[in-house]
Structure formats: C-alpha cells, structure tokens
Amino acid sequence: MFGIGAFAKYGGVSVRMPRHYDAVGLLRPAHVDPHTGYRSYEAEQLARLNRPIALKELGFTLEQVRAVLDEKMDAIDLRGMLRLRRAELESAMAADAARLAQVEARLRVIESEGQKSFDDVVIKQVPAMRVAELTAVVESFEPRFNTPVITPLYEELWSRMQAAGLRASGAAVAYYENLDRPVTVRAAIPVGAEPDPSRDFAVVDLPAAEVATLVHDGPMEQVIPNVQALARWIDAHGYTSVGPAREVTLSCPNCGDHSVTELQEPVARR
C-alpha cells in the first residue's frame with residue numbers, strides 16, 4: 001500500500017487530484033485510517049487513476065468520465081474510444097489551422113492594399129483558342145475552395161488527353177463561371193483537335209478577347225491581393241469586366257511557391 005503522496009508521485013499527478021477524485025467518487029482509497037483520515041492506495045489503483053486523467057485531458061466532462069468508469073471499460077474499449085476522440089481533436093485542429101490560414105491570407109490582402117503598382121497591369125488581345133476541358137462545381141471562388149478541386153481536375157484531364165492521343169498546344173487555362181455560389185470551374189488545355197462527343201472530356205472554343213492582365217508569382221492561395229489590384233486598375237482606367245476571368249499557368253514547377261500565373265480579365269471600355 002502507498003500513502004497518498006507516493007501514489008500521486010507514481011501516477012504523475014499532484015496530491016490534490018487523488019483527493020478530488022475521492023471527493024467526487026471517482027477513485028476511493030483502498031484504506032482510510034479511521035483516526036487520522038490518512039488515505040492509502042494499492043498499486044492496482046494506478047490503472048483506475050490513469051483513465052480519468054486521460055479522459056479529462058481529452059476534453060471529457062466529469063460526468064462523462066464517471067459514466068465511462070462505471071461501465072468498467074477494459075483497455076481495448078478505452079483505447080478505441082480514446083482513438084476516436086483523438087481523431088475528433090485532430091479534425092478540430094485541422095479546421096482551426098485552416099481558419100488561421102484564412103485570417104492570415106486576408107491580413108495579407110489588407111496589408112497589400114495600394115502597394116501593387118498599376119504599371120504591372122497590361123492590356124492585350126488574346127486570340128481565340130480551342131481547348132480540351134473538364135468542369136467541376138466548387139462552393140466559392142476563394143482559393144481554399146477551388147485550388148483543391150482544380151489541381152486534380154487538371155491531372156485527370158491530362159490523363160484523358162493522353163489516352164485519346166492528344167497533345168497540349170499551349171499553356172493551361174482555368175476559368176470560372178457563375179461567381180455566385182456554387183461556382184463552375186473549368187480546367188482547360190489548348191489542343192488542335194476537333195470536337196468529338198465520344199471523348200470523355202469536352203473540346204470547346206474560347207473566344208478572342210481584350211484582357212487586362214497581371215502576373216501572379218507564387219501559390220494560388222495567395223492570389224487575392226493581385227485579383228483585387230487588377231480589379232482596382234480596371235475600375236480606375238474606365239474599363240468593365242465582360243467575361244469569365246482566366247488564369248493562365250506560365251510556369252508550374254510542382255505547382256508550389258514558385259508557380260507563375262497570368263491573371264486575365266476580359267474587359268471593354270465603359
């Protein structure tokens with residue numbers, strides 16, 4: 001038998017914890033001296049001590065801990081429940097990390113306001129082009145929604161084009177329609193082929209357009225400051241947007257931090 005101090009030491013807790021667990025009925029001492037009130041514990045009770053500690057650290061309430069202990073779960077059942085709780089916590093942490101990334105991205109947008117030079121915007125004519133494309137629907141135009149969708153969409157399009165014996169004749173182009181939710185995103189690659197309804201992808205013609213362009217250097221998760229800079233230039237120079245915005249991939253070394261994308265906004269004079 002151990003005194004409460006030794007028991008707490010072996011359990012890796014403060015002396016207050018066994019006292020508290022005794023008070024709430026979670027862990028009674030093996031023996032209490034009737035004259036001194038001195039608590040004594042057996043080594044086997046360390047297993048009982050471990051369970052409420054683990055459950056409390058994982059966010060279970062005192063009532064939930066008591067219910068678990070009263071059911072006398074064995075180690076296998078408890079391990080399974082803890083693994084489930086761990087998965088829930090990992091999911092919550094991932095969601096918090098994603099929200100933090102969104103906040104940081106929006107802060108970058110605010111900090112960059114007015115910093116992008118209008119000299120970086122170029123008006124040019126782009127010719128009509130024939131493209132092979134696949135489409136998908138995403139919740140929003142925000143990069144956090146469309147980037148995880150469009151990347152595998154391009155991979156699938158490349159695979160289908162290769163199976164059909166088609167080669168790319170230009171840089172990949174992404175464009176978006178219906179910017180209210182949901183958004184239709186189109187992953188397109190220029191080709192020289194004729195439309196063929198038997199293929200498992202579409203071949204369509206993108207019209208020629210006058211576009212305002214701005215080059216974005218970096219991952220698409222950080223594109224919003226440049227998107228907004230381009231919008232301010234269009235408004236300040238007497239233009240209006242007249243068609244789906246395009247994103248032309250100029251360089252994509254593993255499509256990471258070193259990717260280069262030309263933002264193209266079809267425009268006309270107001």
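1. K124 is partly exposed in this predicted model, which is a computed one. Its relative accessible area is 31%. K124 forms a salt bridge with E262. The closest N and O atoms of that pair are 2.9 Å apart. E262 is buried, at a relative accessible area of 9%. K124 lies in strand β4 (residues 122–126) and E262 in strand β12 (residues 260–269), so the salt bridge ties together parts that are 138 residues apart in sequence.

2. The structure holds 10 salt bridges. One of them joins R130 and D205, with 2.8 Å between the closest N and O atoms. R130 sits in strand β5, and D205 in strand β8 (residues 202–206). The two are 75 residues apart, and the pair links distant parts of the chain. R130 counts as partly exposed, at 23% relative accessibility. The cut-off for buried is under 20%, so R130 does not qualify.

3. R160 and D200 also meet through their side chains in a salt bridge, at 3.8 Å from N to O. R160 belongs to helix α6 and D200 to the loop between β7 and β8, so this pair ties together parts that are 40 residues apart in sequence. R160 has a relative accessible area of 25%, and is partly exposed. D200 is partly exposed too, with a relative accessible area of 46%. Elsewhere, D22, R28 and R39 are joined into one network by salt bridges that share partners.

4. Now the interior. Which residues of the largest nonpolar core touch the most other members? They are A132, I150, Y154, L157, M161 and F201, out of 21 residues in that core. The elements that each give two or more residues are β5 (129–138), α6 (143–163), β6 (173–177) and β7 (183–190). The largest share, 5 residues, comes from α6. As a general point, nonpolar side chains tend to be buried together in soluble globular proteins.

5. A132 deserves a look in the viewer. Leaving aside residues up to four places away in sequence, A132 touches L157, M161, A187, A188, I189, V191, F201, A202 and V203. Apart from the largest core lies another core, of 19 residues. Among its members are L55, F60, V68 and L82.

6. Why is β6 described as largely enclosed by the rest of the structure? The reason is burial: 4 of the 5 residues of β6 are buried. β6 runs antiparallel to β7, and 5 bridges join the two. A174 has A187 in β7 as its bridge partner. β6 is also joined to strand β11 (residues 246–251), by 3 bridges and again in the antiparallel sense. There, the bridge partner of Y175 is R246 in β11.

7. A separate topic is the open sheet of 3 strands, in the order β1-β3-β2. Its pairing is antiparallel. β1 (2–3) and β2 (31–32) stand at the edges with a single partner strand each, so one side of each has no neighbour in the sheet. β2 pairs with strand β3 (residues 39–41) over 2 bridges, in the antiparallel sense. In that pairing, H31 stands opposite S40 in β3.

Methods: Residues numbered from 1 in each chain as written. Predicted model: local features only at pLDDT ≥ 70, side-chain atom pairs only at ≥ 80, totals over all residues. Heavy atoms only, no water. Core = buried A, V, L, I, M, F, W, Y, C linked by side-chain atoms within 4.5 Å. Buried < 20%, exposed > 50% of the residue type's maximum accessible area, 1.4 Å probe, protein only. Contact = heavy atoms within 4.5 Å. Pairing = 2+ DSSP bridges. Salt bridge = Lys/Arg side-chain N within 4 Å of Asp/Glu carboxyl O.
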